[in-house]
Amino acid sequence: MHQSISNGETLVSSGQSFELGFFSPGNSNNWYLGIWYKNTPQTVVWVANRNNPITDSYRVLTIINNGLVLLNRTKSVIWSPNLSRVPENPVAQLLETGNLVLRDNSNESSKSYIWQSFDHPSDTLLPGMKMGRNLKTGVQRNLTSWRSADDPSLGDFSLRIDINVLPYVVLGTGSSKKVRSGPWNGIEFNGLPALKNGVFKSVFVYKEDEVYAFYESHNDAVFTKLTLNHSGFVQRLLLKKGSSEWDELYSIPNDLCQNYGRCGANSICRMGKLQICECLTGFTPNSEEEWNMFNTSGGCTRRMPLDCQSEEGFVKVTGVKLPDLIDFHVILSVSLGELAV
């Protein structure tokens, strides 16, 4: 894009997979600049002016003073990205990956990108897009849900990577948690779907200065995306190219035990049982009535005070996530293979 895009005009990626333009979701009268799949225009994957919609009939995306600018009828700036540097001869390009980039016209290398939409996710993670945190700059890339099906402004839910000694994945509202994974163990996040498939491959990078997750597409005949919807569910969706119907591979949470703190302290939640909450060995429910009536609990308490002089010992518990806020130390120089020896 060298000039501008206005009402009814769009910018299409080279392989016809993605399209950039203006849209008005559902029953809304507001207008937004977004990116969607060309074959399924109702599937928007990125929104520029989420919290600042255009309310009149005039809208234009253009390059002014070597920057990308979205204007309304009064020529007020509705949205403009913060640039790391000012390009000499800027061009905006929608890549076949769904990434909108601003670069110098003379250099198409990804290292020359002055700004890219992949650094600013909305509610959808596309192949190659990072979700995580730069530990040096503090910049964090999260998914944030829409407010509603008709309103793409920042919603209540976010999907992010937090760190408590080790990284873990959190689905939550504000600082509270709705679902969390176990900590990264060098191979996977315990408690999250680990599906072997021929469509995509999940990758996690844990370095001294950066922590992030992304996935790679391994099937050119299928689109795949990870979306956090306005109801607070993370969905892995698949679309065969040429089709207009998305199929759900999985969603999170998909059972009661994935809800954070469902059974309370010192307890275990196990699906497949009539009573999904049970206390750890040596503990008893704080409230038998709440435990039996609501299939949930305020947690468990010790039957008898802890006596380290007796031979109580430790009980092995398998198939569960490590407790949250546990105090531990990580020896990064030791691999999982060495621990198994």
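Pro253 sits in the loop between S23 and strand S24 (267-269), and in this predicted model the peptide bond that leads into Pro253 from Ile252 is cis, with omega near 0 degrees. That makes a good place to begin, because most peptide bonds are trans. Ile252 also closes a strand: S23 covers 247-252.

Let us follow S23 back into its sheet. Four strands form an open sheet here, in the order S12-S21-S22-S23, and the pairing is antiparallel. The edges of this sheet are strand S12 (124-125) and strand S23 (247-252), each of which pairs on one side only. On its paired side, S23 is joined by five bridges to strand S22 (residues 234-240), and the two run antiparallel. If you would like one pair to find on screen, take Leu237, which stands opposite Glu248 in S23.

Now step back for a view of the whole. The protein has two helices and 27 strands. Its C-alpha atoms fill a box of roughly 80 × 45 × 40 Å along the principal axes. Of the 341 residues in the protein, 43% are buried. The accessible surface comes to about 18,600 Å², and carbon and sulfur atoms account for 49% of that surface. For the contacts with a separation of 6 or more, 41% are between residues 24 or more positions apart.

With that overview in hand, turn to a hairpin. S15 and S16 form this hairpin, with two residues between them. Strand S15 (residues 143-148) runs antiparallel to S16, and four bridges join the pair. Thr144 lies in strand S15, and its bridge partner in S16 is Ser158. Is Thr144 buried or exposed? Thr144 counts as buried because its relative accessible area is 18%, and the cut-off for buried is under 20%. Leaving out residues up to four places away in sequence, Thr144 touches Arg50, Ser122, Asp123, Leu154, Gly155, Phe157, Ser158 and Leu228. Ser158 therefore appears twice in this picture, as a contact of Thr144 and as its bridge partner, given that contact here means heavy atoms within 4.5 Å.

Further along the hairpin is Asp162, found in strand S16 (residues 151-164). Asp162 is also buried, at a relative accessible area of 13%. Which side chain makes a polar contact with the side chain of Asp162? That partner is Arg160, at 3.1 Å. Beyond its neighbours within four places in sequence, Asp162 is in contact with Arg133, Gln140, Pro167, Tyr168 and Val170.

Just past S16 comes a backbone feature worth a look. Val165 is in the loop between S16 and strand S17 (166-173). Its phi is near 70 degrees, a positive value in a residue other than glycine. At 38% relative accessibility, Val165 counts as partly exposed. Another residue to check on your Ramachandran plot is Lys75, in the loop between strand S7 (67-71) and strand S8 (77-79). Lys75 is not a glycine either, and has a positive phi of about 65 degrees. These angles draw the eye because most residues other than glycine have a negative phi.

The tour continues with helix H1 (residues 288-294), where Trp291 lies. Trp291 counts as buried, with 7% relative accessibility. How far apart in space are Trp291 and Cys263? Their C-alpha atoms are 8.6 Å apart, while 28 residues separate them in sequence.

Our last stop is the loop between strand S27 (300-302) and helix H2 (336-340), the place of Val317. Met304 is found in this loop between S27 and H2 too. Met304 is exposed, because its relative accessible area is 63% and the cut-off for exposed is over 50%. Measuring from C-alpha to C-alpha in the model, Met304 and Gly282 are 7.8 Å apart in space and 22 residues apart in sequence. Val317, by contrast, is partly exposed at 38% relative accessibility. Together with Val315 and Val320, Val317 makes a nonpolar surface patch of about 220 Å².

Notes. Residues numbered from 1 in each chain as written. Heavy atoms only, no water. Buried < 20%, exposed > 50% of the residue type's maximum accessible area, 1.4 Å probe, protein only. Polar contact = N/O pair within 3.5 Å; in protein donor to acceptor, adjacent residues only side chain to side chain. Patch = residues over 30% accessible without salt bridge, like charges linked within 9 Å, V, L, I, M, F, W, Y side chains within 5 Å. Areas by Shrake-Rupley, 256 points an atom, 1.4 Å probe, with all protein chains shown as cover. Salt bridge = Lys/Arg side-chain N within 4 Å of Asp/Glu carboxyl O. Pairing = 2+ DSSP bridges.
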